[in-house]
Amino acid sequence: MKKTILMDKYPVFSLEISKNETTFTSVSEIINYLKEKVDNHPIATFIALFNHYEHTSSLAEGEINPDIKDAQNLIFCFGKQIPNTKILAARPRSFGVSELNDSFVVDFLEAPNEQLHKVMEDWAKSIANK
């Protein structure tokens, strides 16, 4: 798991999994696996799936890095408290899953709750060797 700061402000966690380190063969399979994790979590709520690759490729001005073969998002929320209005800006959560030639990449923003961030890390790491 690697943490980077995207555009000098967004803390993004990324995990690149070689295709020979997992039995998953597509982004859709990984998204469905992560959706099961969300569905089985006691407080997580599934919101939506978004095919980012399909959307961007349908735009006349859409640009996609040629190394990216597929890119989808799983959108969900862990929110069991609303302590203030600003927490809404940090929600919901999203896993971005991309396919490259020889690997899959799972990216997500740092969660405001440390325990739930760890859950997201664990879910991402569990994709390897499955």
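# From the end of α3 into the core

S126 sits in the segment that follows helix α3. The model described here is a predicted one. With a relative accessibility of 16%, S126 counts as buried, because the cut-off for that class is under 20%. Setting aside neighbours within four places in sequence, S126 is in contact with Y33 and K37.

Y33 and K37 also appear among the contacts of W123. Apart from neighbours within four places in sequence, W123 is in contact with Y33, L34, K37, V38, H41, F76, F78 and F95. W123 belongs to the largest nonpolar core, a set of 26 residues. The residues with the most contacts inside this core are W123, L34, F76, F78, F95 and I127. Six elements each supply at least two residues of the core: the strands β2 (10–18), β4 (70–77), β5 (93–99) and β6 (103–109), and the helices α1 (27–40) and α3 (114–125). Which of them gives the most? Helix α1 does, with 6 residues.

Among the strands that feed the core, β5 is mostly covered, with 6 of its 7 residues buried. Strand β5 pairs with β4 in the antiparallel sense, and the pairing runs over 7 bridges. Within that pairing, L74 has F95 in β5 as its bridge partner. F95 is also one of the residues in contact with W123. Strand β5 pairs with β6 as well, again antiparallel, over 4 bridges. In this second pairing S98 stands opposite V105 in β6. Strands β5 and β6 form a hairpin, with 3 residues between them. As a point of background, side chains in a regular strand alternate between the two faces of the sheet.

Another hairpin is made by β1 and β2. Strand β1 covers residues 2–6 and runs antiparallel to β2, the two being joined by 5 bridges. There are 3 residues between these strands, and M7 in this hairpin takes a positive phi near 55 degrees. L6, which is found in strand β1, stands opposite Y10 in β2. Is L6 buried or partly exposed? Its relative accessibility is 45%, so L6 counts as partly exposed. L6 takes part in a nonpolar patch on the surface together with M7, Y10 and L109, and the accessible area of the four adds up to about 400 Å².

The next topic is charged pairs. A search of the whole structure finds 5 salt bridges. One of them joins K3 to E110, with 3.5 Å between the closest N and O atoms. K3 lies in strand β1 and E110 in the loop between β6 and α3, so this pair ties together parts that are 107 residues apart in sequence. K3 counts as partly exposed because its relative accessibility is 45%. E110 is partly exposed too, with a relative accessible area of 34%.

Helix α3 carries salt bridges of its own. K118 forms one with D122, where the closest N and O atoms are 2.7 Å apart. K118 and D122 are 4 residues apart in helix α3, so about one helical turn separates them. K118 is partly exposed at a relative accessible area of 45%, and D122 is partly exposed at 35%. D122 can also be placed relative to the start of the chain: from D122 to M1 the distance is 121 residues in sequence but 10.0 Å in space, C-alpha to C-alpha.

The side chains of E121 and K125 meet in another salt bridge, at 3.7 Å from N to O. E121 and K125 both lie in helix α3, 4 residues apart, which is about one turn of the helix. What is the accessibility class of E121? E121 counts as buried because its relative accessibility is 14%. K125, at 41%, counts as partly exposed.

Helix α3 thus appears here in two roles. It is one of the elements that each supply at least two residues of the largest nonpolar core, and it holds both members of the salt bridge between E121 and K125. Past its end comes S126, in contact with Y33 and K37.

How values were computed. Residues are numbered from 1 along each chain as its sequence is written. This is a predicted model: local features need pLDDT of at least 70, side-chain atom pairs count only at pLDDT 80 or more; totals for chains, interfaces and linings use all residues. Side-chain values use heavy atoms; hydrogens and water are left out. A nonpolar core is a set of buried Ala, Val, Leu, Ile, Met, Phe, Trp, Tyr and Cys residues joined through side-chain atoms within 4.5 Å. Buried means under 20% relative accessible area, exposed over 50%, partly exposed in between (1.4 Å probe, protein chains only). Contact means heavy atoms within 4.5 Å. Two strands pair if DSSP finds at least two bridges between them. Patches are made of residues with over 30% relative accessible area and no salt bridge: like charges are joined within 9 Å, nonpolar side chains (Val, Leu, Ile, Met, Phe, Trp, Tyr) within 5 Å. Accessible areas come from the Shrake-Rupley method with a 1.4 Å probe; for residues, only the protein chains shown count as cover.
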